[in-house]
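I opened this one to see how the fold is put together and how far to trust it. My notes are below, in the order I looked things up.

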Amino acid sequence: MTTPRDQRRVFGEVAEAYDDVRPGYPAEVLERITAYAGGVPSGVVESGAGTGKGTALLRTLERPLTCVEPDPAMAGVLARRFAGDDLVSVVVSRFEDWSPPPGGVELLASAQAWHWVDRTVRTRLAAAALAPGGVFAAFGHEFGFADDGLKAAMDVVYQRLAPEIADKPGLPASAQHPDSFHTSELRVSPLFTDVEQQLIVSVVPYETARYLTLLTTFSGHRMLPEQRRHRLHQALGELVDERGGVVEQKLTTALCLARRAG
């Protein structure tokens with residue numbers, strides 16, 4: 001009897017590909033965080049650091065940065081990426097199981113990962129990780145298409161070969177809706193104040209092979225049976241080639257900001 005796969009942990013199966021093809025974050029994200037915080041924080045914790053897409057941005061703060069990542073394979077890539085960097089430390093742990101330093105830190109960040117933290121406790125855990133007045137910043141990409149015609153054609157393929165992810169082709173729910181990082185949870189919590197959500201839009205081109213590799217890093221695609229995933233990706237690849245061999249991904253980067261009350 002096989003053990004059911006945990007959708008939160010399938011990214012480690014393709015950790016190297018994830019690090020290669022997932023887009024990073026524009027410097028403007030960090031500029032907005034520090035403007036909101038009123039300066040550069042003295043210490044930073046990152047929840048769900050993955051292979052370091054958000055870490056690379058946060059590292060430019062030149063402050064001690066603790067990266068909490070539950071998947072050993074993802075954490076391995078992260079540790080190699082920042083090997084020898086005295087400011088970056090990697091902790092292999094779920095955020096739910098991690099113990100914050102006494103007094104908390106000035107910035108808790110999470111890049112494309114906060115939706116994986118247990119929603120019944122995450123707001124309380126975020127507050128516990130922060131010093132009074134400290135800033136919580138969750139950010140991530142909503143993956144869309146610059147070409148509406150290509151999207152419509154792809155939707156037909158998904159409906160035929162993978163209808164269970166047709167409406168959201170492999171993307172987590174947090175990447176699909178305007179309230180990407182559950183700002184409503186923070187707005188109603190007495191633990192946080194000054195809740196904001198901001199959006200940054202950019203376009204990133206992917207040639208066919210690289211786009212198909214990108215799809216293999218989304219959890220919905222990873223959860224498909226291997227043969228069905230192969231057929232789906234083959235059909236999508238043929239479609240992209242027919243239309244010029246490039247997919248322009250329209251990235252809407254959502255940034256949720258909140259301040260710990262007290």
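These entries go from confidence to the sheet, then to the helices and two single residues.

**Confidence.** I am working with a predicted model. I looked up the mean pLDDT of the protein chain and got 90, with 90% of the residues at 70 or more. Then I went looking for the weak spot: over residues 169–180 pLDDT stays under 50, although the model has 25 contacts there beyond four places in sequence. Where pLDDT is low, predicted coordinates should not be read in detail, so I am leaving that stretch alone.

**Sheet.** I traced the strand order next. There is an open sheet of 7 strands, running β3-β2-β1-β4-β5-β7-β6, and the pairing is mixed. At the edges I find β3 (88–92) and β6, each of which pairs on one side only. From one strand to the next, the twist averages 20 degrees. I also checked one pairing in detail: β1 (residues 44–47) runs parallel with β4 over 3 bridges, and V45 has L108 in β4 as its bridge partner.

**Helices on the sheet.** I then asked what packs on these strands. Helix α2 does, touching β4, β5, β6 and β7, and its direction makes about 10 degrees with that of β7. Helix α8 (residues 208–215) packs on the sheet too, touching β5, β6 and β7; here I get about 145 degrees with the direction of β6.

**A closer look at α2.** Which residues of α2 are buried? In this helix (residues 27–37) I list V29, L30, I33, T34 and Y36. They sit on the same side of α2 because they cover an arc of only 160 degrees around the axis. On the other side I find E31 and A35 exposed. The cover over the buried residues includes α3 (53–59), β4 (105–111), β5 (130–145), β6 (192–207) and β7 (246–260). After the helix comes G38, with a positive phi near 80 degrees.

**H233.** I found this histidine in helix α10 (residues 226–242). Buried or exposed? H233 has 10% relative accessibility, so it counts as buried. Outside its neighbours within four places in sequence, H233 is in contact with L212, L215, T216 and H221. I checked L212 further: its C-alpha is 6.4 Å from that of H233, with the two residues 21 apart along the chain.

**T123.** This threonine is in helix α5 (residues 122–129). T123 has a relative accessible area of 12%, so I noted it as buried. Leaving out neighbours within four places in sequence, I see T123 in contact with E185, L186, S189, L191 and F192.

Definitions and conventions:
Residues numbered from 1 in each chain as written. Predicted model: local features only at pLDDT ≥ 70, side-chain atom pairs only at ≥ 80, totals over all residues. Heavy atoms only, no water. Helix = DSSP H or I, 4+ residues; strand = E, 2+ residues; numbered from the N terminus. Buried < 20%, exposed > 50% of the residue type's maximum accessible area, 1.4 Å probe, protein only. Contact = heavy atoms within 4.5 Å. pLDDT = per-residue confidence, 0-100. Arc of directions from axis to C-beta. Pairing = 2+ DSSP bridges. Axes fitted to C-alpha atoms, helices over the stretch in contact; angles between N-to-C directions.
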